[in-house]
Amino acid sequence: MHTVDGRKKLHLDDYIAELARFEAEGFRRIWATQMPNDPDALTVLAVAGREVPRIEFATGVLPIQPQHPMNLAQRALTVNAVTGGRLVLGIGLTHQVVTEGMWGIPYNRPVRRMAEFLDGLLPLLSGEAADAAGELTTTRGAMSLTEVPAPPVYLAALGPQMLKLAGARTAGTVTWMTGPKTLRDHIVPSLRTAAESAGRAAGDVRTVAFLPVAVTDDVDGAKESAARQFRMYNSLPSYRAMLDREGYDTPVDAAIIGDEATVTARLGELADAGVDEYVGIVFDRDAGVRDRTRELLRKLDSV
């Protein structure tokens, strides 16, 4: 996508070419974000999946509030059929300012809302009938795409109750703006404990950590760019809580910026914290920095 006169225009051929380059470079999976005013991620991935044959596609993450479980199951199974079972479905609750301010949908009782959404979504994805009468969401029915494999479902979970839900019922969690100490002391153990309390193994759940990254010698320039691009996360309560827990003043502190040795060391901290998959948000606008960053991430992924 590119911005034209302040509006975003979808250049699908360019996007597919970029994904093909990632695939050729050896990356195993790309995570597509979904902002409320962006093109629909699942639609784009369905088209891309026909053109790029091997790389896996994941959503990080789709907000549940503006859709029904049956609608999301319908779209996710369709994409998984088109891509030959290469979809990973990341879902979450978007923020109150979006839910109520943009969509006019109540934000109250978020944990119950997500639990009832999963009550409908998970059986539908697995080829089973859903019969879930909830206080906020009711789902009854079945999907006709019964021969399509169910995509793994990840839940964006940061707080204790949402982590408990993720550990008990999904493939794991997806985090953003969450540093290594918080991952080590809060996210990973909470998720694994929830899995074991639900009769699952700790290894049945995975932690996927998103953080901005730039391999560069111009550290100050990269930090200025990060400050502009990520300043909104200062004011969003769920991310502000993670920054505070880590002891970070701003989102810039969460960004992984520096030369190859510095970035490698900081990514090592994430692995030591129990992170199963790191997703690098390559934010620097300089093409050379972007190439250099991808080159290091590719090398580290192959180790």
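**Strand E10, His-186 and salt bridges of helix H12**

In this predicted model, Arg-294 is buried, with a relative accessible area of 10%. The side chain of Arg-294 nevertheless takes part in a salt bridge with Glu-25, in which the closest N and O atoms lie 3.0 Å apart. This pair links distant parts of the chain, since Arg-294 belongs to helix H12 (residues 287–302) and Glu-25 to helix H1 (residues 12–25), with their positions 269 residues apart in sequence. Glu-25 itself is partly exposed, its relative accessible area being 22%. Because the limit for a buried residue is under 20%, Glu-25 at 22% falls in the partly exposed class, whereas Arg-294 at 10% falls in the buried one.

Arg-294 also forms a salt bridge with Asp-291, and here the closest N and O atoms are separated by 3.2 Å. The two residues are 3 positions apart in helix H12, and therefore about one helical turn separates them. Asp-291 is partly exposed, with 43% relative accessible area. Through shared partners, salt bridges connect Glu-25, Asp-291, Arg-294 and Arg-298 in one network.

A further salt bridge involving helix H12 is formed by Asp-301 and Arg-28, whose closest N and O atoms are 2.8 Å apart. This pair, too, links distant parts of the chain: Asp-301 is in helix H12, while Arg-28 lies in the loop between H1 and strand E3 (29–32), 273 residues away in sequence. Asp-301 is partly exposed at 34% relative accessible area. Arg-28 has a relative accessibility of 58% and so counts as exposed, the threshold for that class being over 50%. In total, the model contains 19 salt bridges.

Attention now turns to strand E10 and its surroundings. Strand E10 (residues 172–176) is mostly covered, with 5 of its 5 residues buried. Strand E9 (residues 153–155) pairs with E10 in the parallel sense over 2 bridges, and Tyr-154 has Gly-172 in E10 as its bridge partner. Strand E11 (residues 206–215) also pairs with E10 in the parallel sense, in this case over 5 bridges. Within this pairing, Val-174 stands opposite Val-208 of E11.

Helices connect these parallel strands. E9, helix H6 (residues 160–169) and E10 form a right-handed β-α-β unit. E10, H7 and E11 likewise make a right-handed β-α-β unit.

Helix H7 (residues 180–197) contains His-186. With a relative accessibility of 7%, His-186 counts as buried, because that value is under the 20% limit. The side chain of His-186 reaches the backbone oxygen of Leu-158 at 2.7 Å. Apart from neighbours within four places in sequence, the residues in contact with His-186 are Leu-158, Gly-159, Pro-160, Leu-163, Lys-181, Met-242 and Arg-245. Of these, Leu-158 is therefore both a contact of His-186 and the residue whose backbone oxygen the His-186 side chain approaches at 2.7 Å. By contrast, the C-alpha atom of Leu-89, 97 residues from His-186 along the chain, is separated from that of His-186 by 23 Å.

Technical notes
Residues numbered from 1 in each chain as written. Predicted model: local features only at pLDDT ≥ 70, side-chain atom pairs only at ≥ 80, totals over all residues. Heavy atoms only, no water. Helix = DSSP H or I, 4+ residues; strand = E, 2+ residues; numbered from the N terminus. Buried < 20%, exposed > 50% of the residue type's maximum accessible area, 1.4 Å probe, protein only. Contact = heavy atoms within 4.5 Å. Polar contact = N/O pair within 3.5 Å; in protein donor to acceptor, adjacent residues only side chain to side chain. Salt bridge = Lys/Arg side-chain N within 4 Å of Asp/Glu carboxyl O. Pairing = 2+ DSSP bridges. Right-handed = clockwise from strand over helix to strand, strands pointing away.
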